[in-house]
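Please work through the exercises below with the sequence and the coordinates at hand, and try each task before reading its solution.

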Amino acid sequence: MAAHEETEADTEAVKRHRALFRAVRRRKNPPLRRTDITVTDEAAVKRAVKAASLGNAMEWFDFGIYSYLAVTIGHVFFPSGNDTVQLVSSFATFAVSFLVRPIGGMVFGPMGDKIGRKKVLALTMIMMAIGTLAIGLIPSYATIGFWAPVLLIFFRLVQGFSTGGEYGGASTFIAEYAPDKRRGYFGSFLEMGTLAGYTGAAGLVLILNSALGSAAMESWGWRVPFLVAGPLGLVGLYLRLRLDETPAFQKMEDATFHSASEGASTVETTAKGDLAKIFRDHWATLILCIALVGAYNVTDYMLLSYMPTYLSDELGYDDSHGLLILIGTMVILMLIITQVGRLSDRFGRKPLLMTGMVGFLVVSIPAFLLIKQGSLLAVSGGMLLLGLSLVCLLGTMSATLPALFPTSVRYGSLSVGYNLSASLFGGTAPLVITSLISITGTDMIPAYYSMAAAVVGVIAVACMKETAQQPLAGSPPSVETKEEAAEMVEAQAPAPRF
């Protein structure tokens, strides 16, 4: 009898412990409610993607103009024969904007986590438009002397500083608006905007060079693309100011307000925008981001910025012909980039990124051997081989990078990691490649450098987690329809026991 009572007591104790365990687990992982899920408005998503992508295109149009007019600007602002001014010329032309980009990322990124993505993206748009327009209005060295290069350097600093807050903010903006299952597709439009901006800048410079000739370009023609930037900046600003803040940021702000009003501890829901917190708590992910962006930027700048110089300096191509081949390559990439985004939604980010990295490992040498043949068909074929590898990265990276970090520090972390890496590796790629060609005497250095970057990229992709079709860290699930939300809630409900 006593043994029987002891067994019943043990059974009741086990039941109580199980009930207590279930209660604790529910408190730690509360069941998903319908109100926890964001149902996206497709029209709002498309407006957000359009504003971010067009704004990004205008930013990179402004930034690209300088790259394609660097030689002409050197003649206008930096007279030959003066060693000091020539040194300033080299510094201004190549390094200034990349030196301040990380600073811009460290300022604008945490600001975007604190006051919102929309306001900071509008601010970067204004600064880039002002900087670019001002360059087009600066008098030449012949008119105001040494102040001409000083003003040029200053407004290049403004350009680079504003660029530091652009990519991190624009990619975060699209990622937080897009539904989880289509984030890759919508994110790919951001890089389409980048390609469109570069293509527009290269195309306008090519038309002006052909129509005006070198004398008129140096006299006044070079100013036209910079002056066009003013009205374009106003269009981009208008589009961005019409948008609402991202749903993820709004929910985080609401949660912060309610938690603060209840006196609760806020961990994930506090947008402190704290740089120290980023480096202290997210250093491992930051290193992963820098490695991914470094591999991606080396190959990106090598193809989209350095190749016209390579074709003219190493192969003797006319500047206009090299630019025309690059424009053709970028147009083809623009036509297929959204399909790459769709594929990353279906098969995952890692397979597409790995395809691009391995592509550079495999095709870089054959592509440059083709390019060295010199014929239009061979050069175009080699450029296209490199472009197809690059588009696997372009079409996927905009959805991959924002998903690495939680909502409360996403803008700041991504801006810091992206711009540090772009400055250290992307911005230096043309200089390093040119120097290595000079030292070694081999014109295959671009291929070897791309392959070295791809090795780093392969390791980084292998180390990252798959994020396709999953909610962003620190954000609620985002779906396209109410039915999908109901199915998600129902799928988490416990199965009945009989």
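The exercises that follow concern a predicted model, and each task is followed by a solution in steps.

**Exercise 1. The overall composition**

Task: Determine how many helices and strands the protein has, and what share of its residues counts as buried.

Solution: Begin with the secondary structure, where the count is 20 helices and two strands. Turn next to burial, for which 52% of the 498 residues of the protein count as buried. The accessible surface of the protein then comes to about 22000 Å², and 65% of this area belongs to carbon and sulfur atoms. As a last step, consider the contacts between residues at least 6 apart in sequence, among which 85% join residues at least 24 apart.

**Exercise 2. The packing of H9 and H10**

Task: Describe how helix H9 and helix H10 pack, giving the angle and the distance between their axes, and list the residues that meet.

Solution: First locate the two elements, H9 at residues 183-221 and H10 at residues 223-241, and note that they pack at an angle of about 110 degrees with their axes 9 Å apart. Angles of 65 to 115 degrees count as roughly perpendicular, so H9 is roughly perpendicular to H10. Next, identify the residues on each side of the contact: H9 contributes Leu 204, Leu 208, Trp 220 and Gly 221, while H10 contributes Arg 223, Val 224 and Pro 225. Sorted by character, the residues of this contact comprise five nonpolar, one polar and one charged.

**Exercise 3. Salt bridges around Arg 117**

Task: Find the salt-bridge partners of Arg 117, and decide whether Arg 117 is buried or exposed.

Solution: Recall first that side chains of opposite charge can pair when their charged atoms come close. A search of the whole structure finds seven salt bridges. One of them joins the side chains of Asp 113 and Arg 117, with an N to O distance of 3.0 Å. In another, Arg 117 pairs with Glu 176, and here the closest N and O atoms are 2.7 Å apart. This second pair links distant parts of the chain, since Arg 117 belongs to helix H5 (residues 117-137) and Glu 176 to helix H8 (residues 166-177), with their positions 59 residues apart.

Now assess the burial of each partner, for which the cut-off is a relative accessible area under 20%. Asp 113 has a relative accessible area of 0% and is therefore buried; Arg 117, also at 0%, is buried as well; and Glu 176, at 4%, is likewise buried. Finally, salt bridges that share partners join Asp 113, Arg 117, Glu 176 and Arg 410 into one network.

For a further case, take Asp 281, which forms a salt bridge with Arg 280 at 3.2 Å between the closest N and O atoms. Asp 281 has 44% relative accessibility and so counts as partly exposed.

**Exercise 4. Placing individual residues**

Task: For Ser 389, Asp 318, Asp 313, Ser 435 and Gln 469, state in which helix or loop each residue is found.

Solution: Start with Ser 389, which is found in helix H16 (residues 376-400) and is buried, its relative accessible area being 6%. Leaving aside residues up to four places away in sequence, Ser 389 touches Gly 356, Gly 359, Phe 360 and Val 363.

Continue with Asp 318, which lies in the loop between helix H13 (283-313) and helix H14 (319-347) and, at 42% relative accessibility, counts as partly exposed. The C-alpha atoms of Asp 318 and Pro 308 are separated by 9.1 Å, the two residues being 10 residues apart along the chain.

Asp 313 itself lies in helix H13, and its relative accessible area of 57% makes Asp 313 exposed. Asp 313 and Thr 434 are 121 residues apart in sequence, yet their C-alpha atoms are 9.8 Å apart in space.

Ser 435 lies in helix H18 (residues 429-440) and is partly exposed, with a relative accessible area of 33%. Between the C-alpha atoms of Ser 435 and Ile 445, which are 10 residues apart along the chain, the separation is 9.6 Å.

Conclude with Gln 469, located in the loop between helix H19 (445-463) and strand E2 (478-479). Gln 469 is partly exposed at a relative accessible area of 39%, and although Gln 469 is not a glycine, its phi is positive, at about 60 degrees.

Note on methods
Residues numbered from 1 in each chain as written. Predicted model: local features only at pLDDT ≥ 70, side-chain atom pairs only at ≥ 80, totals over all residues. Heavy atoms only, no water. Axes fitted to C-alpha atoms, helices over the stretch in contact; angles between N-to-C directions. Helix = DSSP H or I, 4+ residues; strand = E, 2+ residues; numbered from the N terminus. Parallel < 35°, antiparallel > 145°, perpendicular 65-115°, else oblique. Contact = heavy atoms within 4.5 Å. Nonpolar A, V, L, I, M, F, W, Y, C, P; charged D, E, K, R; others polar. Salt bridge = Lys/Arg side-chain N within 4 Å of Asp/Glu carboxyl O. Buried < 20%, exposed > 50% of the residue type's maximum accessible area, 1.4 Å probe, protein only. Areas by Shrake-Rupley, 256 points an atom, 1.4 Å probe, with all protein chains shown as cover.
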